[in-house]
Amino acid sequence: MKRSFVPLLGLVSISAFAVAVFAQEKKPATTESRPRYTEKKASRDGTGKVYMGREISGVVSVHAIKWLERPERTKEEAPQDVVENMGLKATDVVADIGAGSGYFSFLMAPKVPEGKVLAVDINAQMLEFIAAKGRKAGVTNVEGLLGTIEDTKLPEGEVDAVLMVDAYHEFSHPHEMMTSIVKGLRPGGRVILLEYRGEDPSVPIKPLHKMTQKQAIAEMEAVGLKHKETKDFLPRQHFMVFVKPGGE
Ligand SMILES: C[S@@+](CC[C@H](N)C(=O)[O-])C[C@H]1O[C@@H](n2cnc3c(N)ncnc32)[C@H](O)[C@@H]1O
């Protein structure tokens, strides 16, 4: 049954800092004279900032927590299946980038009892929510990490796997964020990217909050990651796996 996706509309806000940042974004690509980012008239829900042909969406605010924690999510996104398919080892250090309320961080935590989950977000209120949730549940291996719009602050070369769910499309500096993620990964480390399927009109999500597989692969390859596989077992999202070269 086709449903309109009204709640997200109300949750998306483009913050003042983001607008300021887009105005100053004229950085040249390292090997070319073309700017990395360009600007267009912003779409509804968009920022007007374009990366590799894709308009970047607005960033959700802390008011999205209720939506992120909605009970229907278990049916709509099969989050437990996501975690089961990540191939996590007990000792892994896994980073949840754009962690929001920590929905996925706390699902992953029991899978890495001898490791930890680094829950990274740029919104300090999200991290406060995560800390409170951890205290309440008695979970000690989820650590909040306050990043910036360009830097995850991950420890260099120490991360085994990175998960990004419904977040990458709203990073205001996707290239810089991915460069920072690649730096944080150990050689052979993986990025697991989940985005609503942009090719599928039956997925009831606004276009800027979806991504096609082709677009996602191009953007990940732009920072040196290799596409390993896409597992299509989820109701609405692509489950895409990328690897940092150099592992055994
Ligand atoms: C739609 S929420 C998704 C939250 C979570 N991944 C989930 O699926 O429940 C996107 C999150 O990404 C965060 N975010 C946006 N840009 C970011 C950046 N550059 N670095 C880290 N987090 C970012 C937002 O603050 C927000 O909490």
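Two strands pair if DSSP finds at least two bridges between them. Helices (H or I, at least four residues) and strands (E, at least two) are DSSP runs, numbered from the N terminus. Residues are numbered from 1 along each chain as its sequence is written. This is a predicted model: local features need pLDDT of at least 70, side-chain atom pairs count only at pLDDT 80 or more, and totals for chains, interfaces and linings use all residues.

**Exercise 1. Describe the chain as a whole.**

Step 1. Count the elements: the chain has nine helices and 13 strands.

Step 2. Check burial. A residue is buried if 20 or more other C-beta atoms, placed from the backbone, lie within 10 Å of its own. Of the 248 residues in the chain, 38% are buried.

**Exercise 2. Work out the sheet that holds strands 2, 3 and 4.**

Step 1. Find the order. The sheet is open and runs 2-3-4, with antiparallel pairing.

Step 2. Find the edges. Strand 2 (37–39) and strand 4 (54–57) each pair on one side only.

Step 3. Take the first pair. Strand 2 meets strand 3 (residues 46–51) in the antiparallel sense, over three bridges. Here E39 has K49 in strand 3 as its bridge partner.

Step 4. Take the other pair. Strand 3 and strand 4 run antiparallel and are joined by three bridges. Y51 stands opposite R54 in strand 4.

**Exercise 3. Locate the turn between strand 3 and strand 4.**

Step 1. Name the motif: these two strands form a hairpin.

Step 2. Look between them. Two residues lie there, and M52 in the turn has a positive phi of about 50 degrees.

Definitions and conventions:
Buried ≥ 20, exposed ≤ 12 C-beta atoms within 10 Å, placed from the backbone.
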